[in-house]
Amino acid sequence: MTEKESRYVFRASEAPLAEAGPTLKIKEAHMLDGMVLRYQERSPGGLPDDSWCETGHSAYILSGRLRYEFPDHTVEIGPGDMVHIPAGYDHRHRPSAIGDEPVRYFITEFE
């Protein structure tokens, strides 16, 4: 197996930036241990009010500002900030970009 074919490497530079919704573009890698690594670009707009995410995430913000709305509070994060949200109904959240520029960030989750 050559270095280019290694199962440990995801060539994000060669992967297309795919539309995942009206305000979300992603590059996604499914790794050996069930982890999903994603590069995401979220444009201003957000999700419909009734759409809650219950998937657990860890994220690192590269640029832009992101707001996570939880049932009991809201947090805003920006470049250099990291966030970890456990999976499950008790940790449901809605992300949205703040301001005029897209948010660029890395996110991990387990399948």
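These are my notebook entries on a predicted model, covering its largest pocket, its salt bridges and a few single residues.

**Entry 1: the largest pocket**

I began with the largest pocket and looked up how much space it holds. The answer is about 250 Å³. Next I asked how many residues line the largest pocket. I found 18 of them, and Leu-24, Gln-40, Arg-42, Cys-53 and Pro-95 are the ones nearest the centre.

Then I wanted to know which strands supply the lining. At least two residues each come from β1 (18–21), β2 (24–30), β3 (35–42) and β9 (103–110). Strand β3 gives the largest share, with three residues.

What kinds of residue make up this lining? I noted 11 nonpolar residues, five polar ones and two charged ones.

**Entry 2: salt bridges around Arg-38**

I searched the whole structure for salt bridges and wrote down six. I picked the pair Arg-38 and Glu-28 to begin with, whose side chains meet at 2.5 Å, N to O. Arg-38 sits in strand β3 and Glu-28 in strand β2, so this pair ties together parts that are 10 residues apart in sequence.

Are these two partners buried or exposed? Arg-38 has a relative accessible area of 13%, so I put it down as buried, since the cut-off for buried is under 20%. Glu-28 has a relative accessible area of 31%, and I noted it as partly exposed.

Arg-38 turned up again in my list. Glu-109 also forms a salt bridge with Arg-38, and their closest N and O atoms are 3.2 Å apart. Glu-109 belongs to strand β9 and Arg-38 to strand β3, so here the pair ties together parts that are 71 residues apart in sequence. I checked the accessibility of Glu-109 as well: at 13% it counts as buried.

**Entry 3: Arg-104 and Glu-41**

Another salt bridge joins the side chains of Arg-104 and Glu-41, at 3.4 Å from N to O. This pair links distant parts of the chain, with Arg-104 in strand β9, Glu-41 in strand β3, and their positions 63 residues apart in sequence. I looked up how accessible each partner is. Arg-104 is partly exposed at 30% relative accessibility, whereas Glu-41 is buried at 15%.

Before closing the page I asked which residues are joined into one network by salt bridges that share partners. They are Glu-28, Arg-38 and Glu-109.

**Entry 4: Arg-92 and its neighbour in the loop**

I moved on to the loop between β7 (82–85) and β8 (94–98), where I found Arg-92. This residue is a nice puzzle for my notebook: Arg-92 is buried yet has no salt bridge. Which side chain of opposite charge is nearest to Arg-92? It is Asp-90, at 5.2 Å. A salt bridge needs the nitrogen and the carboxyl oxygen within 4 Å, so Asp-90 does not qualify at 5.2 Å.

What does the side chain of Arg-92 reach? I found the backbone oxygen of Tyr-89, at 2.8 Å.

His-93 is also in the loop between β7 and β8. I noted its relative accessible area as 1%, so His-93 is buried. I then compared its position with Leu-24, which is 69 residues away along the chain; their C-alpha atoms are separated by 16 Å.

**Entry 5: Arg-94**

Arg-94 is in strand β8. I checked whether to call it buried or exposed, and with a relative accessible area of 12% Arg-94 is buried. Its side chain makes a polar contact with the side chain of Glu-69, at 2.8 Å.

**Entry 6: two last lookups**

Phe-70 lies in the loop between β5 (65–69) and β6 (74–77). Its relative accessible area is 13%, so I listed Phe-70 as buried. Phe-70 and Asp-90 are 20 residues apart along the chain, and I noted 9.1 Å between their C-alpha atoms.

I finished with Ser-58, which is found in strand β4 (residues 57–63). At 26% relative accessibility, Ser-58 counts as partly exposed. From Ser-58 to Arg-92 the distance is 14 Å, C-alpha to C-alpha, and the two are 34 residues apart in sequence.

Key: Residues are numbered from 1 along each chain as its sequence is written. This is a predicted model: local features need pLDDT of at least 70, side-chain atom pairs count only at pLDDT 80 or more; totals for chains, interfaces and linings use all residues. Side-chain values use heavy atoms; hydrogens and water are left out. On a 1 Å grid over the protein atoms alone, a cavity is a set of points where a 1.4 Å probe fits but cannot get out, and a pocket is an open set with protein on both sides within 12 Å along at least five of seven lines; lining residues have an atom within 4 Å of a point. Grid points are joined across faces, edges and corners, and a volume is the space filled by probe spheres set on the points. Helices (H or I, at least four residues) and strands (E, at least two) are DSSP runs, numbered from the N terminus. Ala, Val, Leu, Ile, Met, Phe, Trp, Tyr, Cys and Pro count as nonpolar, Asp, Glu, Lys and Arg as charged, and the others, Gly among them, as polar. Buried means under 20% relative accessible area, exposed over 50%, partly exposed in between (1.4 Å probe, protein chains only). Lys and Arg count as positive and Asp and Glu as negative; His and the chain ends are not counted. A polar contact is a pair of N or O atoms within 3.5 Å; within protein, one must be able to donate a hydrogen and the other to accept it, and residues adjacent in sequence count only if both atoms are side-chain atoms.
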